[in-house]
Amino acid sequence: MIQRLLFFCLFGYNATVGAAGMGLADAWHLLARTGFGPTWPEIREFAALSRTEGIDRLLTASRVQAVTPPPAWVAVYPPPVALRDLSPQEQQRRQQVKREQGRELRVWWLTEMRNAPTPLTEHMTLFWHNHFTSALPKVSSPVLMYRQNVLLRHHALRRFDVLLHEIAKDPAMLIYLDGAVNRKRQPNENFAREVMELFTLGEGHYREADVKDAARAFTGWSLDRETGEFCFRPAWHDGGTKTILGQTGRFDGDAVLDILLAQPETAAHVVRKLWREFISLQPDEAEVKRIAEEFRKQRYEIRAALRCLLNSPAFWASAHRGVLVKSPLDFVIGLQRQLDLKTLEQNQVVQRAAQLGQNVFAPPNVKGWPGGEAWLDSRALLLRRQIVQQWSMARRPRKPLAQNLDFAIKPWIRQFESADWREAAQRLLLPLPPLRQPAAILSPIEIVQALLLDPVYQLK
Amino acid sequence: MKRRTFLLTLAGAGLGLSPIRSQTAAPSPNRLLILIALKGGNDGLNTLIPYADPRYRILRPDLAIPVDQVVKLSEQEGLHPQLAPLREVWQAGELALVRGVGYPEPNLSHFRSMDIWETASASDETLTTGWLARCFAAHSPPANLIAAGVAVGNDAAGPLQGSANALTLTDIALFQQQARWLGLAPSTVPPNPALRHIVDVENRIRQAASQLKRGHRFETTFPEGPFGRALRTACEVIASRKRASVAVVHLSLPDFDTHVRQAPRQGRLLRQLAEGLVSLRAALRELGVWNEALVMTYSEFGRRPQQNANRGTDHGTASIQFVLGGSVRGGFHGAALDLTNLDGNGNPHFVLDFRSLYATVLEKWWGVESRSVLGAQFETVKLI
């Protein structure tokens, strides 16, 4: 009985913050929003910390390098070969190698998402991949996409202004948004437009004339096709006078980026996007303004913006719990982590995420994945249920194992060490009470599956 | 351009506009709309080519299609060579080429402009629901309709966005197999919007799965590739119409953003489009519903007449759209773009507002009033 009472103190959905720590509900919320599906040991660890301590631990512990070793081929950049110099067989072979490398690259990153000791780093690397998008089908170089990923991870929690300057000269980006071929004679406006619309100011805060002149300023930023490194081609650069957002001068690309960074709208645009990622789909404009001001005051330190955001009352408000739809990666990585699936083929995970609409290194367009409720239409919802059924079916009696899965219900239950493992499992898997409460007479595996198939499991 | 001036321009240009007809009725379940989004901004000038206009070649020294390759439809204009399969539809009088379609104060952002097209908003107005979602909200669909619209493929629902009665699927057989595992509907509707969305989607799946018929055998062969597969699924959905009516089917063909080396990519895409449209026509004729079908393309914008230094084109404005169907009045509609009169960005001015196409669908095809959906009264086009 005492045990039971103690359990309710710890597990009640409206558990108040004890002096000892934030408690399980808050820990779940913090970890689910900043990582990919928290595990029971992680939740327990954070439950003992205060909210501020938990946030500090997340922000200071984050690594800047992946722990998963990348495929060996990333070390060498193969210069592109003109297709006309190759026989049809050689062309086919090259395409095959590229496809295989693309697959290995995705397996590498998703493995890192699953294994990273500091999931926030991967969460933010993915956030920036979705902000400063580039896509392998157009960039066509797995090595350059890998290098961009390393760049995004390196700056994931550091300085936004530095990241913007670096990404603008990133070879994959120069190819993706046609910067590499932007020259004085007839400027290519692709990068200039997207840098204003999507990366900094947001739509409505610049004019067509700004795009045209910015495109001229970026002329000459290109890449050395032999090394795959950034290079400046003075002969391609338009050194003339440009007018950007009312300022006139002989601007180059860096000067344009600085002008964009000096606009308060840039900070607000990024903070609004962070809000939608971490809190809710409807940013509170007054709070956005406050956090954006702090973001600028702290010289675009991303950690500072996140600290502000995660410590805000809105982040912790009960109205914002369980209101975000899990992304396909939240879903497939989280499911592996929460069921402790160790032997699941990462190829399969990559493929499933792609089928659910999130193929890393290939966002649908430069705006990235739209997210929110758009993740869950009829097709995606049904597919998610199918994945739950396949992955949680492992080691069930009478079911021959088609795949190498290892979900084992008994050790999984043992991790809770609690009188009522059902309540604990619900706490681990769902942000809110389920819509379809599993009947107590069901077998353990049926209870777990019912929780995973509940609509509430799709939320974080 | 102000709306008043725009309407006068249209009247002056003699575009064959008919007087407004206003009725209030539900969209007829027998009249099907098939929308195809050409995503990325298709270059209209190299789709329907003004081959006799010398400025075309001046603006596009590398990109202009040689005269002898153009599929000539008139003394002035002809189709891109890869659109040659459409010649038979044209000759049957079932292909309308709607020229100069755009809107005032065009926005050159892919996303914003696509939003404008799919929500049918003005350039400076933000709407959150698609124009078809609003149509079905205003004119509740008949009871025998299982879904106002079905979006086929991996794409967002576009103009059906925000409709409580739209479905997304890629394959009917898989859809039904999966629907069987859904279990019972929850008894209460949750207040959390994300959760409510999931419950709504589940309920729609249960209903549709019980009514769609899978595996219709077509004589028609569909093209290989994702677009061909989406067309096949679309035709299977349509084949189920006796039991399970849908009013709209939405598909998309992406990849039209041709800033660099446009020619091979646009050619490949136009070939897919033409072959796809021809197979769609054949399949719908096979089902006996070609006269009840209206197929319409849309794209967020055309591309700039002047090619860029990379043998590509940057974001433009007004463009050509296709409308096909057994009841369609084939031929040229709208008016050719004036390449001597370009705006400050080097783009042509539109001659026909895209919302006139929507008004035509609403009023002439479905016989419902369009003002409440489109926010203003737009002239209809004599397409049907």
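User: What makes B:Val150 and B:Val249 in S9(B) a pair that stands opposite each other?

Analyst: Happy to help! In this predicted model, B:Val150 faces B:Val249 across a pairing of S7(B) (residues 145-152) with S9(B) (residues 245-253), parallel over five bridges. Two strands (DSSP E runs of at least two residues) pair if DSSP finds at least two bridges between them, so five bridges qualify. Numbering runs from 1 along each chain, chains are lettered from A, and local features need pLDDT of at least 70. Side-chain atom pairs count only at pLDDT 80 or more, and side-chain values use heavy atoms, without hydrogens and water.

User: Which residue is the bridge partner of B:Val150 in S8(B)?

Analyst: That is B:Leu167; four bridges join S7(B) to S8(B) (residues 166-169), and the two run parallel.

User: Why is S7(B) called mostly covered?

Analyst: Eight of its eight residues are buried, meaning under 20% relative accessible area with a 1.4 Å probe, protein chains only.

User: Why are H8(A) and H9(A) called roughly antiparallel?

Analyst: Their angle is about 170°, with axes 10 Å apart. Angles over 145 degrees count as roughly antiparallel, so this helix pair earns the name.

User: Which residues of H8(A) meet H9(A)?

Analyst: A:Gln148, A:Leu151, A:Leu152 and A:His155 do, against A:Val162, A:Leu163, A:Glu166 and A:Ile167, where contact means heavy atoms within 4.5 Å.

User: What does A:Phe132 contact, leaving aside neighbours within four places in sequence?

Analyst: Its contacts include A:Gln148 and A:Leu152, along with A:Leu163 and A:Ile167.

Key:
Buried < 20%, exposed > 50% of the residue type's maximum accessible area, 1.4 Å probe, protein only. Axes fitted to C-alpha atoms, helices over the stretch in contact; angles between N-to-C directions. Parallel < 35°, antiparallel > 145°, perpendicular 65-115°, else oblique.
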